[in-house]
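Please open the model in your viewer and keep the selection tool at hand. The tour below moves from stop to stop, saying what to select and what is found there.

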Amino acid sequence: EKGGYPSFMEKEINDQPDAVAQTLLGRTNGEGVLTLDELRVDPSVLKSINRIIVLACGTSAYAGQVARYAIEHWCRIPTEVELSHEFRYRDPIVDERTLVVSISQSGETMDTLMAVRYAKEQGAVTVSICNTNGSTIPRESDAVLYTHAGPEIAVASTKAFLAQITATYLLGLYLAQLRGNLFQGQIKDILAELAKTPAKIARVLENAEQVKELARSMAETRTVLFLGRHVGYPVAMEGALKLKELAYIHAEGFAAGELKHGPIALIEEGQPVIVVVPSPRGRDSLHAKVVSNIQEVRARGAKTIVIAEEGDESVREHAEHVFYIPETSTLLAPLLATVPLQIFALELATAKGYDVDQPRNLAKSVTVE
Ligand code: F6R
């Protein structure tokens, strides 16, 4: 049942082109208009919301952080992301015009379930993004958008993460369509770009050996730092989380802009730093800022490992290793940039002889608070 792979995790990483394709399947009518039929919330209610709160834990919360950039950009609705277990205990401000989007692979995470219940009691509209049909969180929510990534067996989440991100893009585009924030042509273009991502993920997977080789050479590493900006920031944190939970290596993801406010003090000779570089074609000088962050850590002795877009030659001179991902728009890049980081953690943990499907101390579904 591992499909010929040595672990469920490796199978699930390789399932990702299909997982994303499944999440996208059947969400539009023939004319490229998003339908999301299963999302049974009165459109007038969705039109009236003035705030979105995304609730989740762990990897699912990183999917939520990616979602925030896309939803705010496309829909102009203020969006916050909060860990479910923090949300419930701070007397949050929620009302009938708040849309609460919970994200959970299992649909059984107790902290998220309790947070959704709380939000519902306060009158919020609750939508669940979930991978497990008929599980508790979608049953208790007003509506559900299933990710359809297929069962995820490995404890560490991989394909569900990409599927969750994809589902939040669909939700964001649907809201933008409903509320008239984007032209239908713009939505169509983004959907067309999304439709190309499964093939692009497959191309990233074809280059897995390059990442694996580096991972094996780093089996003795004690600490790895990850840097990213904008949507690359949650990707960096996800990369760090995968390394912690699978390889039991201390790892931390930072917002690259935060470096000089403290973390740069950690850099010493030989410290590996993995940097998620945005597309040089994107706006807002994001790319130039990240390249200068790479230079800053390198000048202090860091061993720099870079994930960059194909054709971006500017990073080569600043990096020991560059892994290229296919071109895509800035907002969609997490669907590609995450993959080498998953492979890196998988292979490093394997090199250390650990069970990647069942990391110590962890459970697939956390049904206690
Ligand atoms: C990390 C991981 C966990 C889960 C978290 C939430 O690889 O799997 O961090 O993402 O426990 O689980 P769900 O999504 O089932 O609510």
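Which atom of the ligand is 2.5 Å from an N or O atom in the side chain of threonine 109? Select threonine 109 together with the ligand, and the partner turns out to be an oxygen atom of the ligand; such a pair is called a polar contact, meaning N or O atoms within 3.5 Å, where a pair within protein must also join an atom able to donate a hydrogen to one able to accept it, and residues adjacent in sequence count only if both atoms are side-chain atoms.

Before going further, note that this is a predicted model, in which local features need pLDDT of at least 70 and side-chain atom pairs count only at pLDDT 80 or more, while totals for chains, interfaces and linings use all residues. Residues are numbered from 1 along each chain as its sequence is written, and side-chain values use heavy atoms, with hydrogens and water left out. The mean pLDDT (the predictor's confidence in each residue, from 0 to 100) is 95 for the protein, and 100% of the residues reach 70 or more. For the complex, the predictor gives an ipTM of 0.98 and a pTM of 0.97.

**Around the ligand**

Add serine 104 to the selection, where a polar side-chain atom lies 2.6 Å from an oxygen atom of the ligand. Then add threonine 59, which has a backbone N or O atom 3.2 Å from an oxygen atom of the ligand. The ligand exposes 410 Å² when taken alone, and the protein buries 89% of that, with areas taken from the Shrake-Rupley method and a 1.4 Å probe.

Now show the shell around the ligand, in which a residue is included if one of its heavy atoms lies within 4 Å. There are 13 residues around the ligand, and Ser60, Ser104, Gln105, Thr109 and Glu245 come nearest. By class, the shell holds 3 nonpolar, 8 polar and 2 charged residues, where Ala, Val, Leu, Ile, Met, Phe, Trp, Tyr, Cys and Pro count as nonpolar, Asp, Glu, Lys and Arg as charged, and the others, Gly among them, as polar.

Colour the helices next (DSSP runs of H or I with at least four residues, whereas strands are runs of E with at least two, numbered from the N terminus). At least two residues of the shell come from each of α4 (58-75) and α11 (232-247), and α4 gives the most, with 3 residues.

**Strand β3 and two loops**

Select isoleucine 103 in strand β3 (residues 98-104). Isoleucine 103 is buried, with a relative accessible area of 1%, where buried means under 20%, exposed over 50% and partly exposed in between (1.4 Å probe, protein chains only). The C-alpha atom of isoleucine 103 is separated by 7.2 Å from that of glycine 64, although the two are 39 residues apart along the chain.

Move to arginine 76, in the loop between α4 and β2 (79-83), which has a positive phi of about 55° although it is not a glycine. Arginine 76 is exposed, with a relative accessible area of 63%.

Histidine 230, in the loop between β6 (223-228) and α11, also has a positive phi of about 55°. Histidine 230 is partly exposed, at 26% relative accessibility.

**The cysteines**

Finally, look for disulfides, defined as pairs of cysteine sulfur atoms within 2.5 Å; the count comes to 0. Cysteine 57 is in no disulfide, the nearest cysteine sulfur being that of cysteine 130, 13 Å away. Cysteine 57 counts as buried at 18% relative accessibility, and cysteine 130 counts as buried at 1%.
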